[in-house]
Amino acid sequence: MAVSYNRVNSSNDLELTDRLVAINRVTKVTKGGRTMTFSAIVVVGNQDGVVGYGLGKAGEVSTAIAKASEAAKKNLIRVVVHNGTIPHDQKGAYAGAKILIKPASQGTGVVAGGAMRAVLESAGVTDVLAKSQGSSNPHNLVKATFQALAELRDPLSVAKSRGISVERVFRG
């Protein structure tokens, strides 16, 4: 099934905050010695349904973070957030990472691991239950979480596509 991402066209008018998910030191051994570079994965969001992620690589940590932040601002999606939680259960997978996110009642908080927590909090989700069921690689976890969030559907669009009222969507 093809995923229709709810892309955000411009990040100019949004107040985005950066969250560093992971930094990785990469060493390349050549004839002349060792060359060290850094890769960083950063999540940006406005805590109101817009979130993006990016990867940056550079010779210095600060430069890698800046590059990742710029890449994240070009990769924004809109997420369905209803009363601080998500509208329904959703599974996501990317490579070896498999995740499950479930809506939670008011006051539960974000019950999730590090990489998923950064994405969910940046998106503005305040109450959710999340579980990583596969790889703990932060890059793949972020991508799996994005895939799951992009597939979320709000009750109004479900009712419109089925040709029924919003109340019937909730009653099943």
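Two exercises with worked solutions follow, on a core and a sheet of this predicted model.

Residues are numbered from 1 along each chain as its sequence is written, and side-chain values use heavy atoms, with hydrogens and water left out. Because the model is predicted, local features need pLDDT of at least 70 and side-chain atom pairs count only at pLDDT 80 or more, whereas totals for chains, interfaces and linings use all residues.

**Exercise 1.** Determine which elements give two or more residues to the largest nonpolar core.

*Solution.* A nonpolar core is a set of buried (under 20% relative accessible area, 1.4 Å probe, protein chains only) Ala, Val, Leu, Ile, Met, Phe, Trp, Tyr and Cys residues joined through side-chain atoms within 4.5 Å. The largest has 29 residues, and V51, I101 and L120 have the most contacts inside it. The elements, DSSP runs of at least four residues for helices (H or I) and at least two for strands (E), are β2, β6, α2, β8 and α3. The largest share, 7 residues, comes from α3. Of the 13 residues of α3, 10 are buried, so this helix is largely enclosed by the rest of the structure.

**Exercise 2.** Work out the strand order of the open sheet and where α3 packs on it.

*Solution.* Strands pair if DSSP finds at least two bridges between them; on this basis 4 strands form the order β5-β6-β8-β7, with mixed pairing. The edge strands are β5 and β7. Between β6 and β8, which run antiparallel, there are 5 bridges, and K102 has L129 in β8 as its bridge partner. Finally, α3 touches β5, β6 and β8 (contact means heavy atoms within 4.5 Å) as it packs on the sheet.

Definitions and conventions. Buried < 20%, exposed > 50% of the residue type's maximum accessible area, 1.4 Å probe, protein only. Axes fitted to C-alpha atoms, helices over the stretch in contact; angles between N-to-C directions.
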